[in-house]
Amino acid sequence: MASAAHGVLSCEQIRELAASGAIVATLPIEEGQHQPASLDLRLGPTAFRVRASFLPGKRRSVEALLAELTYDEIDLRGAGAVLERGCVYVIPLLESLNLPEDVSGVANPKSSTGRLDIFTRLITDDTEIFDHVAAGYRGRLYAEVSPRSFSVRARQGSRLDQLRLRRRAAAGETTLSDAALAAEHARVPLADGELTLRDGVILRVALDGLGDVVGYRAQKHTDVIDVDRIDHYAIEDYWERLAPRRGKLILDPNEFYILASRERIRIPSHLSAEMMAIDPAMGEFRVHYAGFFDPGFGYGAQGLPGSRAVLEVRSHDVPFILEDGQVIGRLVYEQMAAEPKILYGQGGVSNYQGQELKLSKHFKAP
C-alpha cells in the first residue's frame, strides 16, 4: 500500500532532514540512533538537578528559567554520573532542531527507558506542554529525567528518548479511524483473536497463560543500573516475579509492574502506533511510559501478529484489582509519510521483536 505524503516521517526522510540542516547535533549523529520511524536523542555533557519539574511557558527559554532556579550541576562526561531515584534532572541534549514549517515532532521514552521506570519527557523553549515540538521549531532540546524505581547511571551520549517527526497536510489528521482500522484488520490482522476498537485497538492484560511468571514488580532497594549496560543484571536482584493467582493481580499504589498484553500485535509497514499512557475510562493507573511502536514491530510467521505489547504499569492513590483479560491499553495507529526501507526487526538490533513478557534489555534472560 502506498503511503501518504503526510504522516510520520520514515528513517530515510529523517536522514534527509538532517542533511538539510533541520536536525543538528554538537556531535555527529550516529548510525544507531536511526530507527525505522524515529531518531534516538542523546544526553549532553551536563545534567541540572532541580527541585521540581517545570515548563518554560510561552516566550521563555529553558536556559533562562534554569538561570532563575537553584540547582546542582552534574558532569555526565566520561564515566557519567548516578541519577538518583526520586530526583528530577533537566539535561540539554546533543541534538537541536531547525524544522520546516510543516514538520512537527512528538517524543516518547525509549522502550528500555520505560521498562526501567525512568520518567522522562522532552522540553523545548516557548512551550506549555511536554513531549511536543511545534511545527517549524528552531532551538535546543532538553530532557526532564526522573528515575522512579531504580537509581541509574547515565552519561553523555546515553539515549533515553526517541523523537518522531511528522508532516501534516492542510487537512490535518493522520491517525486512523476505527473504520480504517477495521479495514486494515480485514486485509491482514492487526492483532490475534477478536479485534475490539474504541478510538484505536483495545488491548487486554494477560494474567494467565504465560507460564510460571505473569509479571514483575520492581523491588524497593536495589543497586544502581547503568543504562548503557546490556544483558548484565540478574533479574532477582531488581524484580519480584509474580506467579499466576487465579487470573487476578492487585496493583499496590505507586508500585511499578511489568505486564504483558493478551493479544499479539502487528504494525504494518505503512503505519506506526502509540500506546496511550493514561485513559481514565480504563482505571486509575498509568500504562506504558514508552508507547511508540515502529513499522514492522510484531511481524510473525507469514506477517501475522507475533509480539505481545509489554506494559509498564503504575497504580495511583488506591489499590486496583486487575483480572485476566481486563482492558488495559489502547493502541492508536498513524499513517507513515513514507514506508521505511528497513522495518523493525530487519536491521541492527531489535531487542523486543517477537517478545512475550520481557524486561528491558539490561537484564539477563531468565
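**Exercise 1. Strand β20 and its partners**

How many bridges join β20 to strand β24, and in which direction do the two strands run? Then place the other partners of β20 in this predicted model.

Solution.
- Step 1. Start with β24, residues 307-315: 7 bridges join this strand to β20, and the two run antiparallel. Within this pairing, L259 stands opposite L311 of β24.
- Step 2. Turn to strand β15, residues 201-206, which is joined to β20 by 2 bridges and runs antiparallel to it. Here V205 has S261 of β20 as its bridge partner.
- Step 3. Add β16, residues 215-218, with 2 bridges to β20 (residues 256-265), again antiparallel. The bridge partner of R217 in β20 is Y257.
- Step 4. Check the surroundings of the strand. Because 8 of its 10 residues are buried, β20 is largely enclosed by the rest of the structure.

**Exercise 2. The two faces of β16**

Determine whether the residues on each side of β16 are buried or exposed, and find the partner of R217 in β18.

Solution.
- Step 1. Recall the general pattern: side chains in a regular strand alternate between the two faces of the sheet.
- Step 2. Assign the residues to sides. G215 and R217 lie on one side of β16, Y216 and A218 on the other.
- Step 3. Apply the cut-off for burial, which is under 20% relative accessible area. G215, R217, Y216 and A218 are all buried, and both faces of β16 are thus covered.
- Step 4. Identify the pairing with β18, residues 239-242: 4 bridges join this strand to β16 in an antiparallel arrangement. R217 is bridged to E240 of β18.

**Exercise 3. The nonpolar cores**

Which residues of the largest nonpolar core touch the most other members, and which strand gives the most to this core?

Solution.
- Step 1. The largest nonpolar core has 86 residues, of which L165, W239, L259, F293, L331, Y333 and F363 touch the most other members.
- Step 2. The strand that gives the most to this core is β20, with 6 residues.
- Step 3. A second core, separate from this one, has 11 residues, among them L66, V88, I123 and Y142.
- Step 4. Take W239 and list its contacts, leaving out residues up to four places away in sequence. Three consecutive residues of β16, Y216, R217 and A218, are touched by W239, along with Q219. The contacts of W239 also include R115, F150, F256, I258, L359 and F363.

**Exercise 4. Aromatic rings**

What is the geometry of the pair F150 and Y238, and where in the chain do F150 and Y238 lie?

Solution.
- Step 1. The model has 11 aromatic pairs. The rings of F150 and Y238 are 5.7 Å apart, centre to centre, with 80 degrees between the planes. Planes over 60 degrees apart count as edge-to-face, and this pair is edge-to-face.
- Step 2. F150 is in the loop between β12 and β13, and Y238 is in the loop between β17 and β18; they are 88 residues apart, and the pair links distant parts of the chain.
- Step 3. F150 counts as buried because its relative accessibility is 1%. Y238 is also buried, with a relative accessible area of 4%.
- Step 4. For a further edge-to-face pair, take F293 and F297, at 5.1 Å centre to centre and 70 degrees between the planes. Both F293 and F297 are buried.
- Step 5. One aromatic cluster is formed by F150, Y216, Y233, Y238, W239, F256 and F363.

**Exercise 5. Charges over rings**

Over which rings do R115 and R121 lie?

Solution.
- Step 1. R115 has its charged end over the ring of Y352, 3.8 Å from the ring's centre.
- Step 2. R121 lies over the face of F130, 3.6 Å from the ring centre.

Conventions. Residues numbered from 1 in each chain as written. Heavy atoms only, no water. Buried < 20%, exposed > 50% of the residue type's maximum accessible area, 1.4 Å probe, protein only. Pairing = 2+ DSSP bridges. Core = buried A, V, L, I, M, F, W, Y, C linked by side-chain atoms within 4.5 Å. Contact = heavy atoms within 4.5 Å. Phe/Tyr/Trp six-rings, centres within 6.5 Å; stacked < 30°, edge-to-face > 60°. Lys NZ or Arg CZ within 6 Å of the ring centre and 35° of its normal.
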